[in-house]
Amino acid sequence: MKEHKKYSNKTKAAFILLIVMLIILLGNFNTLQNSKKVNENINAIYKDRLVVAHYIFQYSKQLHFIKSEAEKLNLSDNIKKDEIVHTLNIIHNIDDLYAKTVLTNNEKQHFDIFLASCKEINKQVENKNWYKIAKSSEFALKTLESLSEIQIKEGKAKLSSANAMYNKNNSLGQLQIGLLIILGGITFYLLIVKKIKRKVKIPEPPSMN
């Protein structure tokens, strides 16, 4: 009966240890998955938000130049045309880079509107319609402001998601430490109990002689 009880206690202890180890294993897997997502979010903030913010700045700089050139009265039409065409080529070089980034549906719609404005500027350069060029440049600049606001919003969302996963990893880490302490406590208890049982000697019955 004692052997059965002893075996039962060991089985229960082993079962508890197995559960604790399984929880720790699942926690580690979850932590690794969250770390991967955090890394993806950080890369997205850099590649699709900070880099794109630089593209928007370059767009804005070139469009301000086009608008300024179109409004100048002391420049000949040919000089204006050459300078604006050259600036549009710089803008078109950025287009391909921008298009390769990850765009939300809302962002893609605004970007298409921006491209249409640049196409209109290109069309009006041939007609030398400087007034319409200035107006199209102004409209394109407003579209860039909307794109910039989207960048900030999406960047904040990615950052919030990364922070949330970091906090979750932190909580899981604390849980794992707690479980390891429990695991160590159970192991220590089993070792101590086993050691004490070994030291206890059963007294021999008195001799009848």
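# Salt bridges, a pocket and a nonpolar patch

D112 and K108 are joined by a salt bridge, in which the closest N and O atoms lie 3.4 Å apart. The model in which this pair is found is a predicted one, and the pair makes a convenient place to begin reading it. Both D112 and K108 belong to helix α3, where they stand four residues apart, or about one turn of the helix. D112 has a relative accessible area of 38% and is therefore partly exposed, since that value falls between the limits of 20% and 50%. K108 is likewise classed as partly exposed, because its relative accessible area is 45%.

From this pair the view can widen to the whole chain. The chain contains four helices and zero strands, and when it is followed along the sequence the pattern reads α-α-α-α. It has 209 residues, of which 30% count as buried.

The count of salt bridges comes to four, and two others besides the pair in α3 can be described here. Side chains of opposite charge can pair when their charged atoms come close. In one of these bridges the side chains of E71 and K67 meet, with a distance of 3.0 Å from N to O. Here too the partners share a helix, for E71 and K67 both lie in α1, four residues apart, which is about one turn of the helix. E71 counts as partly exposed, because its relative accessibility is 46%.

The other bridge is formed by E126 with K81, whose closest N and O atoms are 3.6 Å apart. This pair links distant parts of the chain, since E126 lies in helix α3 (residues 105-127) and K81 lies in helix α2 (residues 77-99), with their positions 45 residues apart in the numbering. Which of the classes, buried, partly exposed or exposed, does E126 fall into? E126 has a relative accessibility of 51%, and because the exposed class begins over 50%, E126 counts as exposed. Its partner K81, by contrast, has a relative accessible area of 24% and is therefore placed among the partly exposed residues.

The next feature is an open space in the protein. Rolling a probe the size of a water molecule over the atoms shows where empty space is left. The second largest pocket holds about 160 Å³ of space, and eleven residues line it, with R49, L50, Q151, I152 and G155 lying nearest its centre. Two helices, α1 (2-71) and α4 (130-199), each supply at least two residues of this lining. Of the elements that contribute, α4 gives the most, with six residues. Sorted by class, the lining of the second largest pocket has six nonpolar, three polar and two charged residues.

The last feature lies on the surface. F15, I19, I23 and L175 make a nonpolar surface patch of about 360 Å², and helix α1 gives the most to this patch, with three residues. One member of the patch, F15, is found in helix α1. F15 has a relative accessibility of 52%, and it counts as exposed because this value is over 50%.

Helix α1 thus appears at several points in this account: it holds both E71 and K67, it supplies at least two residues of the lining of the second largest pocket, and it gives the most to the nonpolar patch. Helix α3, in turn, holds both partners of the bridge from D112 to K108, and it also contains E126, which is paired with K81 of helix α2.

Key. Residues numbered from 1 in each chain as written. Predicted model: local features only at pLDDT ≥ 70, side-chain atom pairs only at ≥ 80, totals over all residues. Heavy atoms only, no water. 1 Å grid on protein atoms, 1.4 Å probe; cavity = no way out; pocket = protein on both sides within 12 Å on 5 of 7 lines; lining within 4 Å. Points joined across faces, edges and corners; volume = space filled by probe spheres on them. Nonpolar A, V, L, I, M, F, W, Y, C, P; charged D, E, K, R; others polar. Patch = residues over 30% accessible without salt bridge, like charges linked within 9 Å, V, L, I, M, F, W, Y side chains within 5 Å. Areas by Shrake-Rupley, 256 points an atom, 1.4 Å probe, with all protein chains shown as cover. Buried < 20%, exposed > 50% of the residue type's maximum accessible area, 1.4 Å probe, protein only.
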